[in-house]
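This report looks at pockets, cysteines and one helix. The structure is shown first.

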Amino acid sequence: MALPKGRILKAIIPLMTHTGMAPPPECLGGGSRKLRFPTQDPTIDVVQVRSFDVATFVASGGAQIGICGADVLAEFDYPEIYTPIDLRTGGCRISVAQAEHLPHSPEEWRRWSEVRVATKYPGITRRFFATRGINAVIVHLHGAIELAPILGLSRLIVDLVDTGSTLRANGLKEVETIAYVTSRVIINRTALKTQPERIEAILSRFRQALTTFSSTTPLQEAQG
Ligand code: PRP
């Protein structure tokens, strides 16, 4: 099973404990250089990778199961991935943001000589602006996207917004919401075909844990 580093992992660990497939604390702590860990279930190991790479590991069959955000799934749109369960945690959104002192005028985007957008989501960004008839110029970054408008790389950014504090701390404001995002359980389609009983049993454990977890734990706590 491929799990993402960072905030999604923190949010899902209580749920993972209910599934009986939680990795050990050293996987969470960040102090270990190991990348593969046993879980509570001796038949299942976890690999810990970047959230974008969870989808790639599962699509390629390196991992049979994974958990990642709907943002990553939308970005890659891998046909090899089946997405059966919404874990309803990690709730955030993908939004367009810009400097807070500038007026927001999407109808003017078309009149700009070019619409430059910094993002770690080139696919989602291109598609969003294309629906507005705009051929956006993408500045592809992998983190600290909020620096782009401050340092003149682009006027707009497309990024994840959760609390909004990163935008505020960098003098930016959210101007359009592209999509709402939650964490999903994902499955490699070939694994589902070749080991249907095993995969279905694992999915049942997620569904069962979700029912127990949702009825005993407020969503806010689940989101950490
Ligand atoms: C994400 C995103 C924003 C921040 C938004 O980054 O790219 O920078 O979280 O969260 P907020 O609205 O609660 O401030 P993340 O921390 O996942 O790190 P990254 O930039 O390395 O992707």
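## Largest pocket: lining elements

In this predicted model, five elements each give at least two residues to the lining of the largest pocket. Four are helices: H1 (7–19), H3 (51–60), H4 (70–76) and H8 (165–169). Strand S9 (156–161) is the fifth.

The volume of the largest pocket is about 1,000 Å³. Its lining comprises 40 residues. Closest to the centre are Arg 7, Ser 51, Lys 120, Tyr 121 and Leu 160.

## Largest pocket: chemistry and position

What classes of residue make up the lining of the largest pocket? Polar residues number 16, nonpolar residues 13 and charged residues eleven.

Where does the largest pocket lie? Domain 1 (2–91 + 182–221) contributes residues to the lining, and domain 2 (92–180) does too. The largest pocket therefore lies between the two domains.

## Second largest pocket

The second largest pocket holds about 310 Å³ of space. It is lined by 16 residues, and those closest to its centre are Met 1, Ile 44, Asp 45, Ala 63 and Gln 64. Strand S3 (45–49) and helix H10 (196–216) are the elements that give two or more residues to this lining.

By class, the lining of the second largest pocket has nine nonpolar residues, four polar and three charged.

## Cysteines

How many disulfides does the structure hold? The count is zero. Cys 68 takes part in no disulfide. Its nearest cysteine sulfur belongs to Cys 92, 12 Å away. A disulfide needs two cysteine sulfur atoms within 2.5 Å, so the sulfur of Cys 92, at 12 Å from that of Cys 68, is too far for a bond.

Are these cysteines buried or exposed? Buried means under 20% relative accessible area. Cys 68 has 0% relative accessibility, so Cys 68 counts as buried. Cys 92 has a relative accessible area of 12%, so Cys 92 is buried too.

## Helix H6

Helix H6 covers residues 122–131. Which of its residues are buried? Pro 122, Gly 123, Ile 124 and Thr 125 are buried. So are Phe 128 and Phe 129. In an α-helix, with 3.6 residues a turn, residues three or four places apart point the same way.

After H6 comes Gly 133. The phi of Gly 133 is positive, near 75 degrees.

Notes
Residues numbered from 1 in each chain as written. Predicted model: local features only at pLDDT ≥ 70, side-chain atom pairs only at ≥ 80, totals over all residues. Heavy atoms only, no water. 1 Å grid on protein atoms, 1.4 Å probe; cavity = no way out; pocket = protein on both sides within 12 Å on 5 of 7 lines; lining within 4 Å. Points joined across faces, edges and corners; volume = space filled by probe spheres on them. Nonpolar A, V, L, I, M, F, W, Y, C, P; charged D, E, K, R; others polar. Domains from an automatic or database assignment. Buried < 20%, exposed > 50% of the residue type's maximum accessible area, 1.4 Å probe, protein only.
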